[in-house]
Amino acid sequence: MKLRIFLIFCFLTFLGVLYNININHHEYYSVKLEEKTERIVYGESAPRGRILDRNGKVLVDNAGVLNIVYHKPVSITIKEELEIASKLSSYVTEINLTETNLKNYYLAIHNNGHDLITEEEWELWEERKLNNDDIKALKWDRITAEMITYSEEEQKIIHLFTLMNDGYSYQDKTLFSNVTEETVASITSMSIPSLSVKITSKRVYPYGETLSSIFGGLGSIPKETKEKYLSDGYALSDIVGTSGLEQEYETILKGTKAKYMINSDNTLTLLEEEQPGEDITLNIDIDMQLELEKVLKEEMTLASKKTSTKYFHDSYAMIGDPKTGGVLALAGIRRLDNGEFNDITITAFSSSFAMGSVVKGASNTVGYKTGAITVGKKIKDSCVKLYSQPSKCSYKSLGYVDDITALKTSSNYFQFITVIQSTGQKYKYNMTFSVTEENFKTYRDIFASYGLGTKTGIDFPNEQTGMKGTKVAGDLLLNFAIGQYDTYTPISLLQYINTIANYGNRYALRLKKDDYNSFMGQVDLDSTYFDRITTGLYQVFHGGTASSYINKNLNAVGKTGTSETFYDSNQDGVVDTEVINSTLVFYYPKENPTYSMAIVAPYLTDTPNYTYPFTKNVSKKMTTYLSSEQKGIQ
């Protein structure tokens, strides 16, 4: 019985290994088989495809890099290699040697350390009482620090010798990277047959740091994804996209490596030329992007002159095409104490904030869906007082409001009453307002259908969804409805306002052009209610809280937001200072949405009495720019 179980185990293990080789790592082992049976090798990573903006302007390009490479002849001796290294040592500007490198060099120039082993030990080796590993360990241990102490000039030679003997003998070894034409001319004039010049490519960024975190970086295959890359036919030495769009579109950008056959004399014959990767075109308009960054920096600098903005360090803004989900411009800017700026655009996908009243379009949706809002019914704006809780009010007395004017004037009271009625309860002064997790879920599910608190589907790795509050309490559900409990990412606000512009159709946000209309779902709400929501949000810019934000002729639809939150003022890990976030979302024009925009100014002020009009100024400047430039969606 035990034998049978053992045989079954062995058979299953064999099947697992066979599956792993033929399915999971088929490409990798196919390449390895070709290399072993046909003496085939592949060149270095091919030039990657470029990244272009929507108008064809190059955002990420390749530049040729000159390298001096060494190809080991079959019959070359150690002495001859050291002579080459000695001739080239004056060009070495950086030495990178380990103890292993130094000991290997010592053995190479001292008859492989033969004299480090005694005659008795060699006799034991011949008698097979010591094996090769034993002999190697003895040699290694007997090389002292004094024996591998070399001058700087000798270290340069060792550095080159180490590079010349690294890896397989048939591989080209890069001795000098990114060298000047003068250096190339000087070295080639030595007429060393085993040396040649190889041109590789490096990424260059015509617009400097702009969007650099979005483009991403290149590097060696990360350890945690090694198996995946190997199964796709990559070599461990390949350079791959490790973040951002370089990672997201690796398979398009990477290109195809050159293929060579190894000849009997260790030279290579080209079989297939390398093919550069394909270009990708983004929705980004680089001119719009640069203007957006300029405006954010201008406004952050002006805001910094106010005493109430001492905690305002970061800002975010993004412009989109609401009909397609295309992202036309996005920027995250951090202002340092010295007045300089850092790009933090990548955090628009990961950092999250309480966004305030901009979410009230989604909050009204809950009211319509649960029957808590009666269309057109007016109630007098006031305060809500729950048992053992302070009163919660609008920012001022707003008179009588209905579902439309509550959005126009940003009535908190209207939302509080809606929340209470959505749970099947009726408001009474000093009432005990009990809620359940299901009541929170009702709100969160509808918010998620707009893109809040869920992933937007954007073509960018590692997008986050914000933070969900963990406590269940009536006053917190009231806070939720006015955007002061759960937190959301800046990028999610763009999808939220896009979804309103599309009457509930939610499309994935897209950085890459032509991947349009990736439908993600629909807000379950009748169009007559969307008429009410968009009318209320239209009135925000026409007599409401954003009347002076942008030119009324643009017929914008959107919502302002402020949220009370807390800030760690002394960076001790404890939030201790009450501050206010300021936000704005809108699209325009109302009847044929062309642009959408979201602006987030976290911790803008530490006093409710005066807030620098950051979102107002940014929206006014950017819409003026878009109008003057007559930027059309192409």
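**View 1. Isoleucine 333 sits across from a partner in the next strand.** In this predicted model, isoleucine 333 stands opposite aspartate 343, which belongs to strand S13. Take a step back and you can see strand S12, residues 326-335, running antiparallel to S13, with 3 bridges joining the two. Helix H13 (residues 286-303) comes into the picture here too: it packs on the sheet and touches strands S11 (314-321), S12, S13 and S22 (595-605). The direction of H13 makes about 30° with that of S12.

**View 2. Here's the whole open sheet.** Count along and you get 6 strands, in the order S13-S12-S11-S22-S21-S20, with antiparallel pairing. Which strands stand at the edges? They are S13 (341-343) and S20 (557-567); each has a single partner strand, so one side of each is left without a neighbour in the sheet. On average, neighbouring strands of this sheet are turned by 15° against each other, ignoring direction.

**View 3. Leucine 330 has plenty of company in the largest nonpolar core.** That core has 112 residues, and Leu330, Tyr450 and Phe614 are the ones with the most contacts inside it. Leaving aside neighbours within four places in sequence, leucine 330 is in contact with residues including Leu211, Ile214, Ile284, Met318, Phe349, Ile491 and Leu511. Gln289 and Thr345 are also among its contacts. Apart from this core lies another one, of 27 residues, including Leu102, Leu116, Phe176 and Ile192.

**View 4. Meet the disulfide.** How many disulfides does a search of the whole structure find? The answer is 1. It joins cysteine 383 to cysteine 393, with 2.0 Å from S to S. The angle about the S-S bond is 110°, and the link between cysteine 383 and cysteine 393 is right-handed. Cysteine 383 is in strand S15 (residues 383-384) and cysteine 393 is in strand S16 (residues 392-393), 10 residues apart. Are these cysteines buried or exposed? Neither word fits: cysteine 383 has 31% relative accessibility, so it counts as partly exposed, and cysteine 393 is partly exposed as well, with a relative accessible area of 31%.

**View 5. Glycine 64 is out in the open.** You'll find glycine 64 in strand S3, which covers residues 58-70. Its relative accessibility is 64%, so glycine 64 counts as exposed. Setting aside neighbours within four places in sequence, glycine 64 is in contact with Ile199 and Thr200. Look for proline 47 as well: glycine 64 and proline 47 are 17 residues apart in sequence, and their C-alpha atoms are 9.3 Å apart in space.

Key. Residues numbered from 1 in each chain as written. Predicted model: local features only at pLDDT ≥ 70, side-chain atom pairs only at ≥ 80, totals over all residues. Heavy atoms only, no water. Core = buried A, V, L, I, M, F, W, Y, C linked by side-chain atoms within 4.5 Å. Buried < 20%, exposed > 50% of the residue type's maximum accessible area, 1.4 Å probe, protein only. Contact = heavy atoms within 4.5 Å. Pairing = 2+ DSSP bridges. Helix = DSSP H or I, 4+ residues; strand = E, 2+ residues; numbered from the N terminus. Axes fitted to C-alpha atoms, helices over the stretch in contact; angles between N-to-C directions. Disulfide = S-S within 2.5 Å.
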